[in-house]
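I opened the notebook to go through this fold piece by piece. My notes follow in the order I looked things up.

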Amino acid sequence: MDVRELAVQQLKTVIDPELGINVVDLGLIYDLQIQDGHIDVLMTLTTPGCPLHDSIAGGVKRALEQIDGIRDVRVQVTWNPPWTPDRMSEEALRQLGYFA
């Protein structure tokens, strides 16, 4: 498995505690750059006033730091473009009851 696949697998362990769905399936991860042991993550949250901002962003950082060979993880939270439910995977929509 390559580092990108491992990173996505690790990110799927980070759960939004309010929705109970991982950050990948929620569509919160906008960009993932991996180079020479460094990972830069551009992500968002479901709402700008999310009280769990630090918890979720910190969870992303800690999850990616678990990958062998990764020396540095930088997480940047952005609000542009704003998150919408259209970014969610079919699995996330199913978990929230949008699909039977």
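Which residues of α2 are buried? I listed Ile 56, Ala 57, Gly 58, Gly 59, Val 60, Ala 63 and Leu 64. I keep in mind that this is a predicted model.

**Entry: helix α2**

I asked next what these buried residues pack against. I found α1 (3-11), β1 (15-16), β3, β4 and β5. I then checked the length of α2. It has 13 residues and spans 18 Å from its first C-alpha to its last. That is close to the 18 Å expected at 1.5 Å a residue. I noted the general rule as well: an α-helix has 3.6 residues a turn, so residues three or four places apart point the same way.

**Entry: the whole chain**

I stepped back to the overall layout. I counted three helices and five strands in the protein chain. From the N terminus on, I read the elements as α-β-β-β-β-α-β-α. The C-alpha atoms fill a box of roughly 40 × 30 × 20 Å along the principal axes.

I wanted to know how the radius of gyration compares with that of a compact globule. With 100 residues, such a globule would have a value near 13 Å, and the protein chain has 13 Å, so the two agree. I noted that 37% of the 100 residues count as buried. I also looked at contacts with a separation of 6 or more: residues 24 or more positions apart account for 60% of them.

**Entry: the sheet**

I traced an open sheet of three strands, in the order β3-β4-β5, with mixed pairing. Its edge strands are β3 (29-35) and β5 (72-77), each pairing on one side only. Direction ignored, I get an average turn of 10° between neighbouring strands of this sheet. Helix α2 packs on the sheet and touches β3, β4 and β5. The direction of α2 makes about 155° with that of β5.

I took the two pairings in turn. β3 and β4 run antiparallel and are joined by six bridges. Here I matched Leu 32 with Val 41 of β4, and Gln 33 with Asp 40 of β4. β4 and β5 pair in the parallel sense, also over six bridges. On that side I matched Asp 40 with Arg 74 of β5, and Leu 42 with Gln 76 of β5. Asp 40 thus appears in both lists, with Gln 33 and with Arg 74.

Which residues make up the two faces of β4? I put Ile 39, Val 41 and Met 43 on the covered face. His 38, Asp 40 and Leu 42 form the uncovered one.

**Entry: the β3-β4 turn**

I looked at the hairpin of β3 and β4, which has two residues between the strands. Asp 36 lies in this loop. Its phi is positive, about 50°, although Asp 36 is not a glycine. Is Asp 36 buried or exposed? I found a relative accessible area of 58%; the cut-off for exposed is over 50%, so Asp 36 is exposed.

**Entry: the loop after β4**

I moved on to the loop between β4 and α2, where I found Thr 44. Its relative accessibility is 0%; buried means under 20%, so Thr 44 counts as buried. A polar atom of the Thr 44 side chain lies 2.7 Å from the backbone oxygen of Thr 78. Leaving aside neighbours within four places in sequence, I listed the contacts of Thr 44 as Leu 28, Tyr 30, Val 77, Thr 78, Trp 79 and Trp 83.

Thr 46 lies in the loop between β4 (38-43) and α2 (53-65). At a relative accessible area of 17%, Thr 46 falls under the 20% cut-off, so I marked it as buried. With the same neighbours left aside, I have Thr 46 in contact with Asp 16, Leu 19, Leu 28 and Trp 83. Leu 28 and Trp 83 are thus on the list for Thr 44 and on the list for Thr 46. I also checked Gly 27, 19 residues from Thr 46 along the chain: their C-alpha atoms are separated by 9.1 Å.

**Entry: a cis peptide**

My last stop was Pro 81, found in the loop between β5 and α3 (90-95). I read the peptide bond from Asn 80 to Pro 81 as cis, with omega near 0°.

Conventions:
Residues are numbered from 1 along each chain as its sequence is written. This is a predicted model: local features need pLDDT of at least 70, side-chain atom pairs count only at pLDDT 80 or more; totals for chains, interfaces and linings use all residues. Side-chain values use heavy atoms; hydrogens and water are left out. Helices (H or I, at least four residues) and strands (E, at least two) are DSSP runs, numbered from the N terminus. Buried means under 20% relative accessible area, exposed over 50%, partly exposed in between (1.4 Å probe, protein chains only). Contact means heavy atoms within 4.5 Å. Two strands pair if DSSP finds at least two bridges between them. Axes are lines fitted to C-alpha atoms, for helices over the stretch in contact, and angles run from 0 to 180 degrees between N-to-C directions. A polar contact is a pair of N or O atoms within 3.5 Å; within protein, one must be able to donate a hydrogen and the other to accept it, and residues adjacent in sequence count only if both atoms are side-chain atoms. The expected span of a helix is 1.5 Å times one less than its number of residues. The radius of gyration is taken over C-alpha atoms; the globule rule is 2.2 Å times the number of residues to the power 0.38.
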